[in-house]
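Me: I would like to go through this model with you and ask, term by term, what each label rests on. Please set the value against the cut-off wherever a conclusion depends on one.

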Amino acid sequence: MLLRQVEYARPGTVDEAVRLLSSREDARALAGGQSLVNVMKTRVAAPELLVDLNRIDELRDVSTGPAGELVIGAMVTYDELIRSDAVRAARPILADVAVTIADVQVRNRGTVGGNLCSNDPTNHLPPLMATTGASMTIRSLEAERTVGADDFFQGVYLTAVTPGEMLIRVTVPTLGPAEGDGWASVTLGRDGTGIVNVAATVSAGRARIAIGCVSATPVVVEADADEVAVPKAVADASLDPPDDVHASADYRRHLAQVLAWRAVKQALEGAA
Ligand SMILES: Cc1cc2nc3c(=O)[nH]c(=O)nc-3n(C[C@H](O)[C@H](O)[C@H](O)COP(=O)(O)OP(=O)(O)OC[C@H]3O[C@@H](n4cnc5c(N)ncnc54)[C@H](O)[C@@H]3O)c2cc1C
């Protein structure tokens, strides 16, 4: 289906982009376009102005901050994440998971910022942000603010980024010496959409676990990092996942417990 008529701007700086985004009520940032263009084609979204972020070089960097933390520009693609030495050194789980997102076309175009700002409950990156202690920096015309993952994800396709604002970077702490990350998922086919996704980070015998695909935002659970405590903590979270053509709610609840332990086990192996 053809797109409805839409105005298009391609700014070269963040300042210009936020000015454009706040100039009109229905202006939307365009990143990789892998989600936005599809919803525009089906008329689920019909913005009046698209602000294309692809020419803003300052959003395309992956670097290491003074404390070794990873600083990832919003327009870094999954493919750039996968190939980044800084990511491999500081938080390899990000690259390990990004390489399982969909297919090479999606990985070449899809961006970290687009993945987080769309906050589709089946997306891979939100649970990872919730366990790794990531923070998101948001710019408006007037100010810049930084929001932790627990406050960033607010609902289906809803985040702390409000109209007129844009996400500019994500900061992920480097993995500590006795810490480990893990990921486990069951997908529709190889590298397909998640039925349940689980990220986990283990530190000093405690696990922080984030479960995706079972609610509007990642469900975060904490537990001792052992085979009994982890499934019990997930069971006690009283998950209320969707019941659809791909999986029943009961099956998703069961998967959440099994995958949580798999993700924690991988994290424990990394921490050893
Ligand atoms: C066939 C297919 C399969 C897929 N499978 C998966 C999968 O298994 N797992 C997965 O995680 N993803 C999957 N995706 C989604 C893909 O990862 C998208 O790339 C992602 O959801 C959106 O990223 P994008 O860069 O394309 O953003 P866009 O589509 O350009 O934008 C998405 C939304 O975010 C907003 N936005 C983008 N950047 C910013 C910013 N910097 N500041 C403020 N708002 C911003 C846009 O306005 C828009 O509302 C799939 C996509 C396709 C087409």
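Me: Which residue in β13 does A200 stand opposite, and what makes β12 and β13 a strand pair?

Reply: In this predicted model, A200 stands opposite I209 in β13. Two strands count as paired if at least two bridges are found between them, and β12 and β13 (residues 206-212) are joined over 7 bridges in the antiparallel sense, so the pair meets that criterion. The two strands form a hairpin with 2 residues between them, and A204 in the turn has a positive phi of about 50°.

Me: How do you know that β11 pairs with β12 as well?

Reply: The criterion is again at least two bridges, and 9 bridges join β11 (residues 179-187) to β12, the strands running antiparallel. Within this pairing S185 stands opposite N197 in β12. β11 and β12 also form a hairpin, with 6 residues between them, and G189 in the turn takes a positive phi of about 75°.

Me: What makes β12 a mostly covered strand?

Reply: A residue is called buried when its relative accessible area is under 20%, and 9 of the 10 residues of β12 (residues 194-203) are buried, which is the basis for describing the strand as mostly covered.

Me: Why is helix α8 described as largely enclosed?

Reply: For α8 (residues 125-132), 8 of the 8 residues are buried, and therefore the helix is largely enclosed by the rest of the structure. The buried residues are L125, P126, P127, L128, M129, A130, T131 and T132. Just after α8, G133 has a positive phi of about 80°.

Me: Why is there no disulfide between C117 and C213?

Reply: A disulfide needs two cysteine sulfur atoms within 2.5 Å, whereas the sulfur of C117 is 19 Å from the closest cysteine sulfur, in C213, which is too far for a bond. The structure accordingly holds 0 disulfides.

Me: Are these two cysteines buried, exposed or partly exposed, and how do you know?

Reply: Buried means under 20% relative accessibility and exposed means over 50%, with partly exposed in between. C117, at 27%, therefore counts as partly exposed, while C213, at 6%, counts as buried.

Me: Where does the largest cavity lie, and how do you know?

Reply: Domain 2 (57-172) and domain 3 (180-271) both contribute residues to the lining of the largest cavity, so the cavity lies between them. The lining consists of N119, D120, P121, P126, P127, G212, C213, S215, A216, T217 and P218, and these residues divide into 6 nonpolar, 4 polar and 1 charged. The volume of this cavity is about 30 Å³, and the count of cavities of 30 Å³ or more comes to 1.

Me: What lines the largest pocket, and why is it called a pocket rather than a cavity?

Reply: A cavity is a space from which the 1.4 Å probe cannot get out, whereas a pocket is an open set of points, so the two labels differ in whether the space is closed off. The largest pocket has a volume of about 1,400 Å³. Of its 47 lining residues, the closest to the centre are R28, S35, G114, C117 and S118. Elements giving two or more residues to the lining are β2 (27-30), α2 (36-41), α7 (112-118), β9 (158-159) and β10 (166-172), and the largest share, 5 residues, comes from α7. The lining divides into 23 nonpolar, 19 polar and 5 charged residues.

Conventions
Residues numbered from 1 in each chain as written. Predicted model: local features only at pLDDT ≥ 70, side-chain atom pairs only at ≥ 80, totals over all residues. Heavy atoms only, no water. Buried < 20%, exposed > 50% of the residue type's maximum accessible area, 1.4 Å probe, protein only. 1 Å grid on protein atoms, 1.4 Å probe; cavity = no way out; pocket = protein on both sides within 12 Å on 5 of 7 lines; lining within 4 Å. Points joined across faces, edges and corners; volume = space filled by probe spheres on them. Nonpolar A, V, L, I, M, F, W, Y, C, P; charged D, E, K, R; others polar. Domains from an automatic or database assignment. Helix = DSSP H or I, 4+ residues; strand = E, 2+ residues; numbered from the N terminus.
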